[in-house]
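I opened this entry to look up one helix and one sheet. My notes follow the order in which I checked them.

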Amino acid sequence: GGFARWAEMYWPGARVHCFEPNPRVHGMLERNLEVMGSRASLTKAAVLVTDEPTVRLYPGRNNVGETSIIREYAGAEEEDSVEVPAVCVTTLPECNVLKLDCEGNEPELFQRYVATHKPPHLMLAEYHSPADMLLFQSMAIGLGYRIVRVREHSFGRGVVCMRKNP
């Protein structure tokens, strides 16, 4: 909900659609969205590139922010996982700003989103490896985006911000 609150302050009156699969953070996210009233919506589901109705969610090794549908990224065992609802990225609404924090699925989700929607003006995404960052650089060039900021958290991991060229 932190990004939703920031977006609401940066773009007053904006409509914000949040998708969150982790039941452990739903309450906190709902509280953060309350101040936005009807301008914010929460879908309690994972976002996938497929039409699967559910997916296994693995708790993060260090914190809830590392929760992932990719067991290796989360560092959890099968018995620690939980089945959660899922939606396909093609069913998401069109947007001007797209933020992806999906613990490893960001490049694939972005590719599928722009293949079926009008490309957003601004896209922010986590990346989890140097290969993911190279994918985002390649996509930026191919889709007419300019990388305006990269913030690396640790080697090969960080956040990339891309803006659509006019």
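**Helix α5 and a three-stranded sheet**

I am working from a predicted model.

I began with the outward side of α5. On the face turned away from the buried side of this helix I found the exposed residues Leu134, Ile141 and Gly142.

Next I looked up the extent of the helix. α5 covers residues 130-143, 14 residues in total, and spans 20 Å from its first C-alpha to its last. That is close to the 20 Å expected at 1.5 Å a residue.

Which residues of α5 are buried? I noted Asp132, Met133, Phe136, Met139 and Ala140, each under 20% relative accessible area. Viewed down the axis of α5, these buried residues lie within an arc of 120 degrees, so they line one face of the helix.

I then checked what the buried residues of α5 pack against. Their partners are the helix α4 (106-116) and the strands β7 (122-127), β8 (145-154) and β9 (157-164).

At the end of the helix I checked the backbone. Gly144, just after α5, has a positive phi of about 75 degrees.

I moved on to the sheet. It is open, has three strands in the order β3-β5-β4, and its pairing is mixed. β3 (46-48) and β4 (54-57) are the edge strands, each pairing on one side only. From one strand to the next, the twist averages 50 degrees.

Last, I looked at how β4 is joined to β5 (residues 82-88). The two strands run antiparallel and are linked by four bridges. For Val55, I recorded Val84 in β5 as the bridge partner.

Methods
Residues numbered from 1 in each chain as written. Predicted model: local features only at pLDDT ≥ 70, side-chain atom pairs only at ≥ 80, totals over all residues. Heavy atoms only, no water. Expected span 1.5 Å × (residues − 1). Buried < 20%, exposed > 50% of the residue type's maximum accessible area, 1.4 Å probe, protein only. Arc of directions from axis to C-beta. Contact = heavy atoms within 4.5 Å. Pairing = 2+ DSSP bridges. Axes fitted to C-alpha atoms, helices over the stretch in contact; angles between N-to-C directions.
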